Amino acid sequence: MKFILKLPEILVNSKEKCLSSSTASPRLSRCVDEVTIINILTNRSNEQRQDIAFAYQRRTKKELSAALKSALSGHLEAVILGLLKTPSQYDASELKAAMKGLGTDEDTLIEIICSRTNQELNEINRVYREMYKTELEKDIISDTSGDFRKLMVALAKGKRCEDTSVIDYELIDQDARELYDAGVKRKGTDVPKWINIMTERSVPHLQKVFERYKSYSPYDMLESIKKEVKGDLENAFINLEEKETGRAGIIGSVYFRTLQVLRVQCIQNKQLYFADRLYDSMKGKGTRDKVLIRIMVSRCEVDMLKIKSEFKRKYGKSLYYFIQQDTKGDYQRALLNLCGGED
């Protein structure tokens with residue numbers, strides 16, 4: 001039975017009462033108990049938050065998300081409303097926002113599409129269709145262009161092989177040779193061939209392909225990409241290869257960051273990618289709050305402990321410390337709760 005239903009009735013009533021009273025006076029911050037809201041919603045699993053929202057609606061005849069939207073504001077509102085969505089709803093809404101209006105937030109597309117499993121991507125596609133009455137692929141096509149569009153569409157389908165139980169050395173050799181034949185060996189690059197291999201093969205398989213590639217090409221994968229693939233796709237494949245070999249990422253134009261696409265997909269240490277993203281969101285003057293919020297909300301129940309470990313290993317100080325230094329007030333309290341305490 002679900003957690004919320006296991007609680008004694010007095011606790012269920014207490015939670016509903018706290019949330020009801022805390023959101024009773026929209027926009028009157030002195031009447032809103034932000035601490036109670038934060039402590040309840042940041043210390044429950046997503047499934048439990050769905051139960052709380054259901055219980056709240058049953059008791060008050062109002063949606064909890066609507067009440068909280070009226071009661072809260074700013075970054076705290078973004079955190080709390082994000083927590084009330086299911087993971088697939090949250091990802092779908094973030095993808096939609098990234099493609100809304102003029103310009104496209106390519107970094108967000110990459111972060112979500114390239115870090116989710118096939119199962120998660122399939123669910124995101126389903127929920128996106130349900131929420132926005134259109135296909136995710138259709139929106140990607142209308143908001144991106146060129147080889148980057150092809151790459152994102154291919155990845156969003158969630159068709160990457162995830163079976164790591166069999167090592168096919170013949171296919172490894174074939175893929176390595178085809179990448180060479182489609183690139184360095186010829187004038188111009190057979191981009192579709194590169195996209196096909198890079199988006200459909202499993203992570204362990206690609207790692208071995210990159211090693212085998214060295215036996216065919218006078219250049220390693222990074223050098224080959226720089227020589228053969230230009231523009232957006234160059235940056236995608238460069239970042240992929242760097243994730244595999246552990247080299248530092250190359251940051252240049254928005255497309256350098258955008259086309260970390262395969263870099264995210266094709267590394268076993270996905271948590272290092274998120275640690276880097278979190279660090280980048282807080283380094284220097286100002287904070288990229290949208291990035292910080294999205295990662296803290298979406299990864300808090302997935303791999304936050306590993307992300308924290310990678311963060312401290314690479315940057316010398318804890319994620320908790322960085323959040324303390326870069327945020328304040330109730331917004332800070334919410335993020336620190338999601339962080340899960342000092343290392």
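Reader: Of the residues of the protein, what percentage count as buried?
Author: Happy to help! This is a predicted model, where local features need pLDDT of at least 70 and side-chain atom pairs pLDDT 80 or more, while totals for chains, interfaces and linings use all residues. Numbering runs from 1 along each chain as its sequence is written, and side-chain values use heavy atoms, without hydrogens and water. Among the 343 residues, the share that count as buried (under 20% relative accessible area, 1.4 Å probe, protein chains only) is 50%.

Reader: How many helices and strands does the protein have?
Author: Both are DSSP runs numbered from the N terminus: helices are H or I, at least four residues, and strands are E, at least two. The protein's count is 23 helices and zero strands.

Reader: Which residues have the most contacts inside the largest nonpolar core?
Author: A nonpolar core joins buried Ala, Val, Leu, Ile, Met, Phe, Trp, Tyr and Cys residues through side-chain atoms within 4.5 Å. In soluble globular proteins, nonpolar side chains tend to be buried together. Here the largest such core holds 69 residues, and those with the most contacts inside it are Leu 68, Val 79, Ile 80, Met 296 and Leu 319.

Reader: Which helix gives the most to this core?
Author: The greatest contribution is seven residues. They come from the helix spanning residues 146-156, which is helix 11.

Reader: How many residues does another core, lying apart from it, have?
Author: This separate core includes Ala 182 and Val 184. Phe 210 and Met 221 are also among its members, and its size is 15 residues.
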